[in-house]
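Let's take a relaxed walk through this structure, one feature at a time. Have the sequence and the 3D view open as you read.

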Amino acid sequence: MSILKDYLKKALNGEFLATQKYSKFAEIAKSEGFDNITYLFKALTAAEKIHINNHKNALDEDYTPESEEFTSGTTVENVKDAMDAELWENKKMYPSFIKEIKKDKKNPMQKVAQLSFEWARDVEYTHYKALKLALKFIEQGKDLDCSEIYICKVCGNLIFTEPTKICPICGHDPAFYYKVKRD
Ligand SMILES: [Fe+2]
Ligand SMILES: [Fe+2]
C-alpha cells in the first residue's frame, strides 16, 4: 500500500472513532441535563464527518473505517477526554502524518491529501477551544452558554456566532457555513 493511502486510512479510523465517541458523549450530556454541551458534541460529530469525507475524497477508493473500543465517563470527563484527543490530533497526529505523506511526492493525490490533513489539523484546534470553553462552564456547575453553532461544510471549522467573514481555515466564503440543528 502507498504511504499516502496508509496514512489516509489511519486518519479515517481516527476521525471515525471521534464520531462514535462524540455521539455517545452527546447522549451522556443529554442525560446529565447539559443541553448545550449535547449540542456541541452533535456539532463536533458533524465536523468530524466532514474530515471523513475530505479524507475519503483524497483516498479515492472504497474504504470502511475500522471501529475501535472506547470508554466514556461523566460529561466533565468526556469533555476532558475530547480536549486531549483534539489537541493530540492538532499537535502530534496530523503534523506527523503530513511529514510522512510529503515523502509520497510522485502520488498525484499527495497535494489533495496534504490539504485535507492541514485543514483537519487546524480545525481540531478550534474544536479544542470550544471544548475548553465548555469545561470552564461545567467547572462552575453550569451548562455551556451558547445558542447557535455554525460549521464550515468545507473544512469543519466550528464557530458560535453567525459567520460574516471567510473561513479562517479553508478560505471559503461564509455562505459555506451552516447552522447545526439541535435535534
Ligand atoms: Fe475535532
Ligand atoms: Fe472552512
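## Aromatic rings first

Both F97 and F117 are buried. Keep in mind that this is a predicted model. The two rings make a tilted aromatic pair, with 5.9 Å from centre to centre and 50 degrees between the planes. F97 belongs to helix α3 (residues 75-101) and F117 to helix α4, so to speak two distant parts of the chain, 20 residues apart, that the pair links. F97 and F117 also have company: together with Y7 and Y94 they form one aromatic cluster.

How many aromatic pairs turn up in a search of the whole structure? The search finds 8. Another one to look at is F25 with F41, where the ring centres are 5.4 Å apart and the planes stand at 70 degrees. An angle over 60 degrees counts as edge-to-face, so that is the label for F25 and F41. This pair, too, links distant parts of the chain: F25 sits in helix α1 (residues 3-31) and F41 in helix α2, 16 residues apart. Are these two rings buried or exposed? F25 counts as buried because its relative accessibility is 0%, and F41 is buried at 0% as well.

Here are the two pairs side by side:

| Pair | Centre to centre | Angle of planes | Kind |
|---|---|---|---|
| F25 and F41 | 5.4 Å | 70 degrees | edge-to-face |
| F97 and F117 | 5.9 Å | 50 degrees | tilted |

Some rings have a charge for a neighbour. The charged end of K10 sits over the ring of Y7, 4.6 Å from the ring centre. Over at Y39, the charged end of R182 sits over the ring, 4.1 Å from its centre.

## The iron ion

Which residues hold the iron ion (ligand 1)? Its coordination comes from E48 (OE), E86 (OE), E86 (OE), E124 (OE) and H127 (ND1), at 1.9 to 2.4 Å. Yes, E86 really is listed twice. Read along the chain, the donors follow the spacing E-x37-E-x37-E-x2-H. E48 lies in helix α2 (residues 35-59) and E124 in helix α4 (residues 110-139), so this pair ties together parts that are 76 residues apart in sequence. E48 has 0% relative accessibility and therefore counts as buried. E124 is buried too, again at 0%.

## How two helices pack

Now for α3 and α4, the helices that carry F97 and F117. They pack at an angle of about 160 degrees, and their axes are 8 Å apart. Why call them roughly antiparallel? Angles over 145 degrees count as such, and α3 and α4 therefore qualify. Their crossing is left-handed.

## Out on the loop

Finally, have a look at the loop between α2 and α3, where you will find D60 and E69. Most residues other than glycine have a negative phi. D60 is not a glycine, yet its phi is positive, at about 55 degrees. D60 is exposed, because its relative accessible area is 58% and over 50% counts as exposed. E69 is exposed as well, with a relative accessible area of 77%. E69 and L17 are 52 residues apart in sequence, while in space their C-alpha atoms are 8.4 Å apart.

Note on methods
Residues are numbered from 1 along each chain as its sequence is written. Chains are lettered from A and ligands numbered from 1 in the order in which they are written. This is a predicted model: local features need pLDDT of at least 70, side-chain atom pairs count only at pLDDT 80 or more; totals for chains, interfaces and linings use all residues. Side-chain values use heavy atoms; hydrogens and water are left out. Donors are N, O and S atoms within 2.8 Å of the metal (3.2 Å for Na, K and Ca); water is not among the atoms, so sites may look incomplete. Helices (H or I, at least four residues) and strands (E, at least two) are DSSP runs, numbered from the N terminus. Buried means under 20% relative accessible area, exposed over 50%, partly exposed in between (1.4 Å probe, protein chains only). Rings of Phe, Tyr and Trp (its six-membered ring) pair if their centres lie within 6.5 Å; planes under 30 degrees apart count as stacked, over 60 as edge-to-face and the rest as tilted. A charge sits over a ring if NZ of Lys or CZ of Arg is within 6 Å of the ring centre and within 35 degrees of the ring normal. Axes are lines fitted to C-alpha atoms, for helices over the stretch in contact, and angles run from 0 to 180 degrees between N-to-C directions. Angles under 35 degrees count as roughly parallel, over 145 as roughly antiparallel, 65 to 115 as roughly perpendicular and the rest as oblique. A crossing is left-handed if the near helix is turned anticlockwise from the far one by less than a right angle, and right-handed if clockwise.
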